[in-house]
Amino acid sequence: MISITLPSLRPKTVSKRIKEFASEKDYEIIVVSPFYVKDAVYIYQDPIGCVAAHALAYEHSKGDYIAFWADDTAPTPGCLSSMVDFVRGKGLRIGSFRVKDRRGRELAQWSVNGKLYAGFGCASRETFEKVGYFDPIYRSYFADPDLSMKVWQSGGRVEVCPSAWVITEGISDTVSVENNKRYFERDRKTFVSQWGEFKNEPIGKNVYPAFSIPVTLLNRFFVLYAKRVPLKVQRFVRKIKESCLTL
């Protein structure tokens with residue numbers, strides 16, 4: 001069985017994710033949130049940061065394999081079974097899902113300090129028992145590259161599974177903006193204190209970079225946008241954007 005750790009502060013979004021996994025077999029979804037969800041292993045928790053929530057979900061997991069997930073990311077049919085087949089029997093290893101946006105464009109994998117890390121990944125319980133799961137020393141960022149670095153440091157590998165695809169919506173809302181503003185720089189400094197530097201680069205040709213970790217002008221725009229634009233206007237703009245992407 002594969003366990004999926006899935007923290008969320010977005011009730012509608014996480015319910016949508018849970019439904020999307022329904023076609024998969026032999027899995028459990030462990031949701032950590034301050035609101036109740038159906039059709040999943042539910043753990044109530046006041047907001048504590050997604051990293052600590054992932055760690056809490058891992059403590060309640062029962063699967064032989066564990067995948068760390070985000071509520072703005074959808075599975076594709078068969079991606080879990082493909083990933084389990086990919087990492088099974090390979091020892092100390094994290095499999096990284098291939099990621100595309102809602103237009104079907106493949107997004108870049110990322111490296112940190114010259115090593116590939118899994119932003120969306122899966123590994124055996126044996127692997128996590130050796131290197132640990134998400135470290136709550138972080139709040140919302142850098143736990144995934146930190147985890148991958150621990151695997152590399154322990155003599156293991158991080159590799160991309162060629163047939164396991166996920167689709168990310170890349171939600172930019174009050175939750176994501178506030179997390180970025182409060183925790184990104186703090187978590188970056190924590191990572192540097194652990195690993196000496198933070199050199200982050202995309203990997204792959206003819207793929208589109210994702211903007212989830214690097215500090216960019218886009219991040220700064222989202223912070224300003226959330227502060228100055230009324231919430232009703234933000235919701236209206238989001239609906240227009242979603243309708244355009246489905247054309």
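Which residue stands opposite Glu-201 in β11? Keep that in mind as you look around this predicted model; the tour will come back to it.

**Start with the whole chain.** Show all 247 residues, of which 49% are buried. Colour by secondary structure and you will find eight helices and 11 strands. If you switch on a surface, about 12,800 Å² is exposed, with carbon and sulfur atoms supplying 53% of that area. Contacts tell you about the fold too: among those with a separation of 6 or more, 76% join residues 24 or more positions apart.

**Next, select the sheet.** Pick β8, β7 and β11, which line up in that order as an open sheet of three strands with antiparallel pairing. Select 115-117 for β8 and 200-203 for β11: these two stand at the edges, and each has a single partner strand, so one side of each has no neighbour in the sheet. Turn the view a little and look along the strands: on average, neighbouring ones are turned by 40 degrees against each other, ignoring direction.

**Now zoom in on one pair.** Select residues 109-112, which form β7; this strand pairs with β11 in the antiparallel sense over four bridges. Here is the answer to the opening puzzle: Ser-111 is the residue opposite Glu-201 in β11.

**Last stop, a helix.** Select residues 143-153 to bring up α5, which packs on the sheet and touches both β7 and β8. Compare the direction of α5 with that of β8, and you will see an angle of about 130 degrees.

Technical notes
Residues numbered from 1 in each chain as written. Predicted model: local features only at pLDDT ≥ 70, side-chain atom pairs only at ≥ 80, totals over all residues. Heavy atoms only, no water. Buried < 20%, exposed > 50% of the residue type's maximum accessible area, 1.4 Å probe, protein only. Contact = heavy atoms within 4.5 Å. Areas by Shrake-Rupley, 256 points an atom, 1.4 Å probe, with all protein chains shown as cover. Pairing = 2+ DSSP bridges. Axes fitted to C-alpha atoms, helices over the stretch in contact; angles between N-to-C directions.
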